[in-house]
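The exercises below are meant to be worked through with the sequence and the model side by side. Please try each task before reading its solution.

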Amino acid sequence: MEQQLYKKIANIVENQIKNGSLTYGDRLPSVRSAQKLYNVSLNTAKSAYMELESRSLIESRPKSGFFVSLAGQRRMSIPSISTFKIDEKKQDPAALIDKVFHSLEDKEITRFSLGLPSPSLLPIQKLNKCILETVHELHDYGDQYGQVQGSPTLRKEIAKWSLVLEGKISDEDLIITSGAMNAIYSCLRAVTKPGDTIAVESPLYFGFIQAFQVLGLKTIEIPTHPITGIELDALKK
């Protein structure tokens with residue numbers, strides 16, 4: 001299948017970063033300049049830059065434009081495909097989960113298990129201000145249940161962004177969940193029943209294991225490559 005145009009543009013810029021033509025701190029052309037440079041629509045140029053941001057290769061600076069990020073200069077080795085050790089003793093996932101959550105107060109630990117960013121990387125004051133402003137604007141003071149499908153305003157805004165990504169969805173196609181775990185749980189309930197066996201990548205976020213247990217599902221771990229994903233030959237076997 002032909003590669004999408006915005007990804008082609010993103011790959012061109014990524015190659016420039018990898019071969020050193022663009023280095024940390026270099027400013028990229030504005031979105032409108034990129035539109036003219038590559039002779040594409042404005043939405044395509046925006047999507048290309050959003051794709052580069054998702055790869056952590058560039059960063060947006062307010063009122064300044066897009067710049068090559070420090071992450072784009074890192075040269076780290078790729079992890080190997082996951083392997084399995086034969087262990088007759090069955091490990092209880094609950095023990096690992098308890099260990100992680102009981103250590104949350106230990107500030108000496110750099111935590112990768114929960115996938116949370118460091119507070120130093122977030123604009124905490126700005127976020128707190130936005131939360132206060134939002135609560136102040138709520139007509140019912142936020143003490144009432146909303147629609148099961150989620151906030152209509154939020155769904156409409158997400159639908160608008162899908163147009164930037166060349167999507168074709170409306171607010172009626174969206175359901176707002178209270179995080180990724182809620183989304184995974186809802187999807188599993190829709191397509192599985194207790195006793196089913198599902199294939200999962202390895203390593204896997206341990207929180208998913210809890211959801212599998214609650215739903216009565218069995219799991220088979222599949223070796224996973226960090227770039228290409230689940231090993232299809234192993235899945236076939």
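**Exercise 1.** In which loop does tyrosine 205 lie? Determine also how exposed tyrosine 205 is and what surrounds it.

*Solution.* Before starting, note that this is a predicted model, in which local features need pLDDT of at least 70 and side-chain atom pairs count only at pLDDT 80 or more, whereas totals for chains, interfaces and linings use all residues. Residues are numbered from 1 along each chain as its sequence is written, and side-chain values use heavy atoms, with hydrogens and water left out.

Step 1: tyrosine 205 lies in the loop between S3 and H8, where the labels refer to DSSP runs numbered from the N terminus, helices being H or I runs of at least four residues and strands E runs of at least two.

Step 2: its relative accessible area is 30%, so tyrosine 205 is partly exposed; buried means under 20% relative accessible area, exposed means over 50%, and partly exposed is in between, with a 1.4 Å probe and protein chains only.

Step 3: when neighbours within four places in sequence are left aside, tyrosine 205 is in contact with Ser113, Leu114 and Met181, contact meaning heavy atoms within 4.5 Å. The C-alpha atoms of tyrosine 205 and serine 113 are separated by 7.6 Å, although these residues are 92 residues apart along the chain.

**Exercise 2.** Find the peptide bond that joins serine 202 and proline 203, and state whether it is cis or trans.

*Solution.* Step 1: locate proline 203, which is found in the loop between S3 and H8. Step 2: read omega, which is about 5 degrees for the bond between serine 202 and proline 203, and this peptide bond is cis. Step 3: compare this with the general rule that most peptide bonds are trans.

**Exercise 3.** Describe the open sheet that contains S3, giving its strand order and the sense of its pairings.

*Solution.* Step 1: the sheet has three strands in the order S3-S4-S5, with mixed pairing; two strands pair if DSSP finds at least two bridges between them.

Step 2: take the pairs one by one. S3 and S4 are parallel and share six bridges, and threonine 197 has lysine 218 in S4 as its bridge partner. S4 (residues 218–225) and S5 run antiparallel and are joined by two bridges, with histidine 225 partnered by glycine 229 in S5.

Step 3: identify the edges, which are S3 (197–202) and S5 (229–230), each of them pairing on one side only.

Step 4: look at the two faces of S3, where Ile198, Val200 and Ser202 make up the covered face, while Thr197, Ala199 and Glu201 make up the uncovered one.

**Exercise 4.** How do S1 and S2 pair, and how many residues stand between them in the hairpin?

*Solution.* Step 1: S1 (residues 58–61) and S2 (residues 65–68) pair in the antiparallel sense over four bridges, and isoleucine 58 stands opposite valine 68 in S2. Step 2: the hairpin has three residues between its strands, and lysine 63 in the turn has a positive phi of about 60 degrees.

Step 3: search for further positive phi values. Asparagine 39, which is not a glycine, has a positive phi of about 55 degrees; it lies in the loop between H2 (31–38) and H3 (42–54), and with 69% relative accessibility it counts as exposed. Serine 56 likewise has a positive phi, near 65 degrees; this residue lies in the loop between H3 and S1 and is partly exposed, with a relative accessible area of 38%.

**Exercise 5.** Work out how H7 and H8 pack against each other and which residues meet.

*Solution.* Step 1: H7 (residues 180–191) and H8 (residues 206–214) pack at an angle of about 35 degrees with their axes 10 Å apart; axes are lines fitted to C-alpha atoms, for helices over the stretch in contact, and angles run from 0 to 180 degrees between N-to-C directions.

Step 2: list the residues that meet, which are Met181, Ile184, Tyr185 and Leu188 in H7 and Gly207, Phe208, Ala211, Phe212 and Val214 in H8.

Step 3: sort them by class, which gives eight nonpolar, one polar and no charged residues; Ala, Val, Leu, Ile, Met, Phe, Trp, Tyr, Cys and Pro count as nonpolar, Asp, Glu, Lys and Arg as charged, and the others, Gly among them, as polar.
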